[in-house]
Amino acid sequence: MAFLTDRKRAAGLGSAKTGTEHHWHMMVSSVALCGLIPFFVFTFGRALGGSYEEVVAYYSQPFPAIIAILTFLTGFMHFKSGVQVLIEDYVHGFWRKALIIAMTCLSYTAMAVGIFAVARLAL
Amino acid sequence: MADVNRGNRPLSPHLTIYRPQLTSMTSIFVRITGNALLVAALLIVWWFIAASIGAESFATADAVLRSWFGDLVLFGSVWALWYHMLGGIRHLIWDSGRMLEVQESERFGLFMIVGSLLLTLFVIAVV
């Protein structure tokens, strides 16, 4: 006797089994970015154009620094998943895998460099 | 399933067969803007790491971001950012099962174009 209902067995499982999870990550990160991006545009826009001392002083404040760190973190995660779909749609075979791996590495690297830079500026 | 004909089946109509429409074009541009934003994102990361290293490296990165080329990329990216964000909001609305009629999608598509331009002008005015 099956203890799972049909609904329970089907929920969250498309034919590929993993697509819903990818889509859900895109939804979560996009909602988060809707909040972060306006703050980032206006804080970064304010810092850009200042002298070196002004930029260091500005990003030593907690608010702009935390916004920048969260934007790098969420933005590059969102990009990693988004560009994966782009590659899957247009590139096939060996280059599909190679490009997805390359763009994933690039996303994490840019994320780490950005977060490290803001932490070093702020502290 | 061994007798299934895999090579010679009719294909469903795709991009090449339709004339450009507001729904398809606004959707394609969401993808283009989203991926093109990588350029500005990497420039900004470079600007931050240069600033964290010291005044000299900051001067180099800052000069590039504030050159005509940097201005072009950054202001283009501000538009791309707003456009992609409004497109993403349209996706979130679609995901909730709303606004799936063609007319509603087209109206939101127009809103994405006008809204992103207005938000870009607002950023240029404020920043």
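A crossing of two helices is called left-handed if the near helix is turned anticlockwise from the far one by less than a right angle. Keep that in mind, as you'll use it at several stops. One more thing before we start: this is a predicted model.

**Stop 1: α1 and α3 of chain B**

Select α1(B) and α3(B), and look along the line of sight that puts one helix in front of the other. Here's your left-handed crossing: α1(B) passes α3(B) that way. The two helices pack at an angle of about 135°, and their axes are 8 Å apart. Why call them oblique rather than antiparallel? Only angles over 145 degrees count as roughly antiparallel, so α1(B) and α3(B) are oblique to each other.

Now light up the residues that make the contact. On α1(B), they include Phe29(B), Val30(B), Leu37(B) and Leu43(B). On α3(B), look for Val73(B), Leu74(B), Leu81(B) and His84(B), among others. Colour the contact by class and you get 12 nonpolar residues, 6 polar ones and no charged ones.

**Stop 2: α1 and α2 of chain B**

Keep α1(B), which covers residues 22-53, and add α2(B), residues 55-65. These two pack at about 155°, with axes 7 Å apart. That angle makes α1(B) roughly antiparallel to α2(B). The crossing here is left-handed. Among the residues in the contact are Trp46(B) and Trp47(B) of α1(B), facing Phe58(B) and Leu65(B) of α2(B) as members of the other side. Leu43(B) belongs to this contact, and you met Leu43(B) in the contact with α3(B) as well. The class count for α1(B) with α2(B) is 9 nonpolar, 2 polar and 1 charged.

**Stop 3: Gly70(B)**

Click on Gly70(B), in helix α3 (residues 68-95) of chain B. Is Gly70(B) buried or exposed? Neither label fits: with 18 C-beta neighbours inside 10 Å, Gly70(B) counts as partly exposed, because buried takes 20 or more. Leaving out residues up to four places away in sequence, Gly70(B) touches Val64(B) and Leu65(B). Try the distance tool too: Gly70(B) and Leu43(B) are 27 residues apart along the chain, and their C-alpha atoms are separated by 8.6 Å.

**Stop 4: Met99(B)**

Move on to Met99(B), in the loop between α3 and α4 of chain B. What is the phi of Met99(B)? It's positive, about 60°, although Met99(B) is not a glycine. Met99(B) is partly exposed, with 13 other C-beta atoms within 10 Å.

**Stop 5: where the chains meet**

Show both chains together. In all, 27 residues of chain A are in contact with 25 residues of chain B. On the chain A side, α2, α3, α4 and α5 each supply at least two residues. Which helix gives the largest share? That's α2(A), with 10 residues. The chain A side splits into 19 nonpolar, 6 polar and 2 charged residues.

Zoom in on one piece of this meeting: α5(A) against α1(B). They pack at about 35°, with axes 8 Å apart, and the crossing is left-handed. Residues to select include Val113(A), Val118(A) and Arg120(A) on α5(A), and Val45(B), Phe48(B) and Ile49(B) on α1(B). This contact holds 11 nonpolar, 2 polar and 1 charged residues.

**Stop 6: along α5 of chain A**

Stay with α5(A) and view the whole helix. It has 29 residues and reaches 42 Å from its first C-alpha to its last, close to the 42 Å expected at 1.5 Å a residue. Its buried residues are Ser107(A), Ala110(A), Met111(A), Gly114(A), Ala117(A), Val118(A) and Leu121(A). Look at the spacing of those numbers with this in mind: an α-helix has 3.6 residues a turn, so residues three or four places apart point the same way. What covers the buried residues of α5(A)? The cover includes α3 and α4 of chain A, together with α1 of chain B.

**Stop 7: Ile67(A) and Ala2(A)**

Next, pick Ile67(A) in helix α4 (residues 62-90) of chain A. Ile67(A) is buried, with 21 other C-beta atoms within 10 Å. Beyond its neighbours within four places in sequence, Ile67(A) contacts Leu36(A), Phe39(A), Phe40(A) and Thr43(A).

Finish with Ala2(A), in the segment before α1 of chain A. Ala2(A) is exposed, with 7 other C-beta atoms within 10 Å. Draw a line to Gly49(A): the two are 47 residues apart in sequence and 66 Å apart in space, C-alpha to C-alpha.

How values were computed. Residues are numbered from 1 along each chain as its sequence is written. Chains are lettered from A and ligands numbered from 1 in the order in which they are written. This is a predicted model: local features need pLDDT of at least 70, side-chain atom pairs count only at pLDDT 80 or more; totals for chains, interfaces and linings use all residues. Helices (H or I, at least four residues) and strands (E, at least two) are DSSP runs, numbered from the N terminus. A residue is buried if 20 or more other C-beta atoms lie within 10 Å of its own, exposed if 12 or fewer, and partly exposed in between; C-beta atoms are placed from the backbone. Two residues are in contact if their C-beta atoms, placed from the backbone, lie within 7 Å. Ala, Val, Leu, Ile, Met, Phe, Trp, Tyr, Cys and Pro count as nonpolar, Asp, Glu, Lys and Arg as charged, and the others, Gly among them, as polar. Axes are lines fitted to C-alpha atoms, for helices over the stretch in contact, and angles run from 0 to 180 degrees between N-to-C directions. Angles under 35 degrees count as roughly parallel, over 145 as roughly antiparallel, 65 to 115 as roughly perpendicular and the rest as oblique. The expected span of a helix is 1.5 Å times one less than its number of residues.
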